Amino acid sequence: MKTITEYTKAVYTLISLYRQYTSLLGKMNSQEEDEVWQVIIGARVEMTSKQQEYLKLETTWMTAVGLSEMAAEAAYQSGADQASITARNHIQLVKSQVQEVRQLSQKAETKLAEAQTQELHQKTQEGRDERADQEQEAYLRED
């Protein structure tokens, strides 16, 4: 669970950076913008690294759950009903806890996509505004 929590934190860090960058669009010179992008790229690398750790752990966890379920079934088949019930209860508890954390992670990923979309939208709008200003200047020069 620690790994997915670290991944989720890395996603939220990247969200925060995108939002800050978006709020500063048009207010920075090119050097400042490059510096901000270097920080964003570093945060992306960190997030991707944490995501890979999380995915590897999830694969291991799924294998462990499968083995635990087989052990619970074997306990039941051998007549150890109480051990089987206890094991299944623990498995279900862990599954629900992991599902809650996954949902938090998915929520963070959705917010990241929204922040990236907002940044693209604002950049597109600024590009339109610049073109409109250039066209207006060209029109005024023709007079």
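This is a stop-by-stop tour of a predicted model, with something to select at each stop.

**Before you start**

Residues are numbered from 1 along each chain as its sequence is written, and side-chain values use heavy atoms, with hydrogens and water left out. Because the model is predicted, local features need pLDDT of at least 70 and side-chain atom pairs count only at pLDDT 80 or more, while totals for chains, interfaces and linings use all residues.

**Stop 1: the whole chain**

Show the protein chain as a cartoon and colour it by secondary structure. You should get 3 helices and 0 strands, running α-α-α from the N terminus on. Helices here are DSSP runs of H or I with at least four residues, strands are E runs with at least two, and both are numbered from the N terminus. Of the chain's 143 residues, 24% count as buried. Buried means under 20% relative accessible area, exposed means over 50%, and partly exposed is in between, using a 1.4 Å probe on protein chains only. Now for contacts, meaning heavy atoms within 4.5 Å: among those between residues at least 6 apart in sequence, 76% join residues at least 24 apart.

**Stop 2: the nonpolar core**

Next, select Val11, Leu14, Tyr18, Tyr21, Ile40, Met47 and Leu112. Of the 20 residues in the largest nonpolar core, these touch the most other members. A nonpolar core is a set of buried Ala, Val, Leu, Ile, Met, Phe, Trp, Tyr and Cys residues joined through side-chain atoms within 4.5 Å. Helix 1 (2–24), helix 2 (30–77) and helix 3 (81–142) are the elements that give two or more residues to this core. Which helix gives the most? That would be helix 1, with 9 residues.

Stay on Tyr18 and show what surrounds its side chain. Setting aside neighbours within four places in sequence, Tyr18 is in contact with Trp37, Ile40, Arg44, Leu112, Ala115, Gln116 and Glu119.

**Stop 3: the ring cluster**

Keep Tyr18, add Tyr21 and Trp37, and draw them as sticks. A pair of aromatic rings is described by the distance of the centres and the angle of the planes. Rings of Phe, Tyr and Trp (its six-membered ring) pair if their centres lie within 6.5 Å; planes under 30 degrees apart count as stacked, over 60 as edge-to-face and the rest as tilted. The whole structure holds 3 aromatic pairs. One of them is Tyr18 with Trp37, edge-to-face at 6.1 Å centre to centre and with 85° between the planes. Tyr18 lies in helix 1 and Trp37 in helix 2, so this pair ties together parts that are 19 residues apart in sequence. Tyr18 and Trp37 are both buried.

Swing over to Tyr21, which also forms an edge-to-face pair with Trp37, at 5.2 Å centre to centre and 65° between the planes. Here too helix 1 meets helix 2, so the pair ties together parts 16 residues apart in sequence. Both Tyr21 and Trp37 are buried. Ring pairs link Tyr18, Tyr21 and Trp37 into a cluster.

**Stop 4: the largest pocket**

Switch on a surface and select Met1, Ile4, Tyr54, Leu57, Glu58, Trp61, Val98 and Arg102, which line the largest pocket. On a 1 Å grid over the protein atoms alone, a pocket is an open set of points where a 1.4 Å probe fits, with protein on both sides within 12 Å along at least five of seven lines; lining residues have an atom within 4 Å of a point. Its volume is about 160 Å³, counted as the space filled by probe spheres set on the points, with grid points joined across faces, edges and corners. Helix 2 and helix 3 each supply at least two lining residues, and helix 2 gives the most, with 4. By class, the lining has 6 nonpolar, no polar and 2 charged residues. Ala, Val, Leu, Ile, Met, Phe, Trp, Tyr, Cys and Pro count as nonpolar, Asp, Glu, Lys and Arg as charged, and the others, Gly among them, as polar.

**Stop 5: Leu25**

Click on Leu25, in the loop between helix 1 and helix 2. Is Leu25 buried or exposed? At 7% relative accessibility, Leu25 counts as buried. Not counting residues up to four places away in sequence, Leu25 touches Glu33, Glu119, Gln122, Lys123 and Glu126. Leu25 and Gln122 are 97 residues apart in sequence, yet 7.8 Å apart in space, C-alpha to C-alpha.

**Stop 6: Ala83 and Ser84**

Finish in helix 3, home to Ala83 and Ser84. Ala83 is partly exposed, at 43% relative accessibility, whereas Ser84 is buried, with a relative accessible area of 2%. Beyond neighbours within four places in sequence, Ser84 is in contact with Ala72, Ala75 and Tyr76.
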